[in-house]
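Okay, thanks everyone for coming. I'll put the structure up now, and then I'd like to walk you through how the pieces fit together.

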Amino acid sequence: MGKTLKRSAAFTALARALAAGARGGPSLGTRLAALPRMIRATTRGEYDGGLRLALMTAATAYIVSPIDLLPEIPLAIFGLADDAVMITWLAGSVLAETDRFLEWETRRSSVIPGRLVP
């Protein structure tokens with residue numbers, strides 16, 4: 001049941017992000033261009049995307065790795081299904097996280113740096 005909820009959340013995020021792009025939200029190019037800035041802000045500790053970036057990196061490594069939990073040759077369609085689910089989850093995660101990062105970037109630009117004096 002838990003895995004089904006995680007998959008449905010990824011599919012929902014993907015659908016939401018694609019719909020936002022169709023309704024005048026950030027384009028795919030804008031989202032992809034935000035990835036290096038998001039990684040840089042996360043490594044500097046400015047943005048809280050560390051765990052999400054780690055999960056997306058692990059998913060990318062799983063997809064490109066020649067080692068597979070469900071190999072394609074003996075399991076045919078089932079071997080491809082786990083890769084398809086992982087690609088879909090990764091796409092939804094990247095779209096959702098870049099959307100969140102772009103919103104954070106916009107809010108951050110309106111904040112004046114400094115400290116609060118009581």
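Let me start with a question: which residue forms a salt bridge with Glu46? It's Arg108, and the closest N and O atoms in that pair are 3.5 Å apart. Before I go on, please keep in mind that this is a predicted model. Now, where do those two sit? Glu46 is in the loop between α2 and α3, while Arg108 belongs to helix α5, so the salt bridge ties together parts that are 62 residues apart in sequence. Glu46 has a relative accessible area of 35%, so we call it partly exposed. Arg108 comes out at 43%, so it is partly exposed too.

That's one of six salt bridges in the structure. As a general point, side chains of opposite charge can pair when their charged atoms come close.

Let's stay with that loop for a second and look at Asp48. Which side chains does Asp48 meet? One is Arg100, in a salt bridge with 2.7 Å from N to O. Asp48 is in the loop between α2 and α3 and Arg100 is in helix α5, so here the pair ties together parts that are 52 residues apart in sequence. Asp48 also has a salt bridge with Arg52, where the closest N and O atoms are 3.4 Å apart. If you follow the shared partners, Asp48, Arg52, Glu97 and Arg100 join into one network. As for accessibility, Asp48 is exposed at 52%, whereas Arg52 is partly exposed at 30% and Arg100 is partly exposed at 31%.

Okay, from charges to rings. There are three aromatic pairs here. Take Tyr47 and Trp104: their ring centres are 5.1 Å apart, with 55 degrees between the planes, which makes the pair tilted. Tyr47 is in the loop between α2 and α3 and Trp104 is in helix α5, so this pair links distant parts of the chain, 57 residues apart. Buried or exposed, what would you say for Tyr47? Buried, because its relative accessibility is 5% and the cut-off for buried is under 20%. Trp104 is buried as well, with a relative accessible area of 16%. Add Phe101, and ring pairs link Tyr47, Phe101 and Trp104 into a cluster.

Phe101 is worth clicking on. Leaving out residues up to four places away in sequence, Phe101 touches Ala34, Arg37, Met38, Ala41 and Tyr47.

That takes us to the core. In soluble globular proteins, nonpolar side chains tend to be buried together. How many residues make up the largest nonpolar core here? The count is 12, including Leu53, Met56, Leu90, Val94 and the three ring residues Tyr47, Phe101 and Trp104. The elements giving two or more residues to this core are α2, α3 and α5. The biggest contributor is α5, with five residues.

Let me take the helices in turn, beginning with α2. Helix α2 covers residues 28-43, and its 16 residues reach 23 Å from first C-alpha to last, close to the 22 Å expected. There's a kink, though: about 30 degrees at Leu35, shortly before the proline Pro36. The buried residues of α2 are Arg31, Ala34, Met38, Ala41 and Thr42. Just past the end of α2, Gly45 takes a positive phi of about 85 degrees.

Next, α3. Its 15 residues should span 21 Å, and the end C-alpha atoms are 21 Å apart, so the two values agree. Buried residues in α3 are Leu53, Met56, Ala59 and Tyr62.

Last one, Thr98. You'll find it in helix α5, residues 77-109. How buried is Thr98? Its relative accessible area is 0%, so Thr98 counts as buried. And what does Thr98 touch, once we ignore residues up to four places away in sequence? Arg31, Leu35 and Met38. Leu35, remember, is where α2 has its kink.

So, back to where we began: Glu46 and Arg108 tie the loop between α2 and α3 to helix α5, and Asp48 with Arg100 does likewise. Tyr47 and Trp104 link that loop and α5 through their rings. Okay, that's my bit, over to you.

Key: Residues are numbered from 1 along each chain as its sequence is written. This is a predicted model: local features need pLDDT of at least 70, side-chain atom pairs count only at pLDDT 80 or more; totals for chains, interfaces and linings use all residues. Side-chain values use heavy atoms; hydrogens and water are left out. Helices (H or I, at least four residues) and strands (E, at least two) are DSSP runs, numbered from the N terminus. The expected span of a helix is 1.5 Å times one less than its number of residues. The bend at a residue is the angle between axes fitted to the seven residues ending there and the seven starting there. Buried means under 20% relative accessible area, exposed over 50%, partly exposed in between (1.4 Å probe, protein chains only). Contact means heavy atoms within 4.5 Å. A nonpolar core is a set of buried Ala, Val, Leu, Ile, Met, Phe, Trp, Tyr and Cys residues joined through side-chain atoms within 4.5 Å. A salt bridge is a side-chain nitrogen of Lys or Arg within 4 Å of a carboxyl oxygen of Asp or Glu. Rings of Phe, Tyr and Trp (its six-membered ring) pair if their centres lie within 6.5 Å; planes under 30 degrees apart count as stacked, over 60 as edge-to-face and the rest as tilted.
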